[in-house]
Amino acid sequence: MIYGALETIAKYDMNDPRFKTAFAFLARKDLEELPTGWMELDHGVRASVQEYVTQPENELDFETHEKYFDIHYMVKGIEIVGVCIRDGLKNKIPYSDENDIEFYHDPEHYGCVFLREHDYAVVGYEDAQKPHVAAGKPMAVRKIVIKVPVI
């Protein structure tokens, strides 16, 4: 899912080599066998193979990134990712340039994306996200987050 303000659409060039690298990686047949951790791909794209247990929504915070788009891809399990535009959010933990992340308090209104196995969502740097949210009971998941440098 790609969503956001119309002014930002030029930043989502899916024909850009960085996005092509990301989606080619997700088309691999061995995603379930890859070791957890970071993998460096071409064009500055990075993949994080993750395994964790989803958590109750109230235990998680919204986050944003300045340097990367995030492509969430669910290999096994289900998860909810909260989403909203970052403008107007109240800061909770200041931006860390080293980790490229800033945390926020929940806004009054926001939406969510339900990721099932083999679903993906593209989250831009102008958006806030709350990943790892349990869809009902917490469950073990295997997910890949691709970091695509901002165009």
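A salt bridge is here a side-chain nitrogen of Lys or Arg within 4 Å of a carboxyl oxygen of Asp or Glu. By that criterion E32 forms a salt bridge with K76, the closest N and O atoms being 3.9 Å apart, in what is a predicted model. E32 lies in the loop between helix 1 and strand 1, whereas K76 belongs to strand 4, so the pair ties together parts that are 44 residues apart in sequence. The points below add the remaining salt bridges, the open sheet to which strand 1 and strand 4 belong, a hairpin, and the largest pocket.

**Salt bridges**
- A search of the whole structure finds 12 salt bridges, and the pair of E32 and K76 is one such contact.
- As a general point, side chains of opposite charge can pair when their charged atoms come close.

**The open sheet and helix 1**
- Five strands form an open sheet with antiparallel pairing, and their order across the sheet is 1-2-11-4-9.
- Strand 1 (37-40) and strand 9 (120-123) are the edge strands, each of which pairs on one side only.
- On average, and with direction ignored, neighbouring strands of this sheet are turned by 20 degrees against each other.
- Helix 1 (residues 17-26) packs on the sheet, where it touches strand 1, strand 2 (46-53), strand 4, strand 9 and strand 11, and its direction makes about 160 degrees with that of strand 11.
- Within the sheet, strand 4 (residues 68-76) and strand 11 (residues 140-149) run antiparallel and are joined by eight bridges; F69 stands opposite V148 of strand 11.

**The hairpin of strand 6 and strand 7**
- Strand 6 (residues 91-96) and strand 7 (residues 101-104) run antiparallel and are joined by three bridges, with N91 having Y104 in strand 7 as its bridge partner.
- Four residues lie between the two strands of this hairpin, in which D100 takes a positive phi near 50 degrees.

**The largest pocket**
- The largest pocket holds about 310 Å³ of space, and of the 20 residues that line it, W38, H65, D70, N99 and K147 are the closest to its centre.
- Two or more lining residues come from each of strand 2, strand 4, strand 10 (127-133) and strand 11.
- Sorted by class, the lining of the largest pocket comprises five nonpolar, seven polar and eight charged residues.

Note on methods
Residues are numbered from 1 along each chain as its sequence is written. This is a predicted model: local features need pLDDT of at least 70, side-chain atom pairs count only at pLDDT 80 or more; totals for chains, interfaces and linings use all residues. Side-chain values use heavy atoms; hydrogens and water are left out. Two strands pair if DSSP finds at least two bridges between them. Axes are lines fitted to C-alpha atoms, for helices over the stretch in contact, and angles run from 0 to 180 degrees between N-to-C directions. Contact means heavy atoms within 4.5 Å. On a 1 Å grid over the protein atoms alone, a cavity is a set of points where a 1.4 Å probe fits but cannot get out, and a pocket is an open set with protein on both sides within 12 Å along at least five of seven lines; lining residues have an atom within 4 Å of a point. Grid points are joined across faces, edges and corners, and a volume is the space filled by probe spheres set on the points. Ala, Val, Leu, Ile, Met, Phe, Trp, Tyr, Cys and Pro count as nonpolar, Asp, Glu, Lys and Arg as charged, and the others, Gly among them, as polar.
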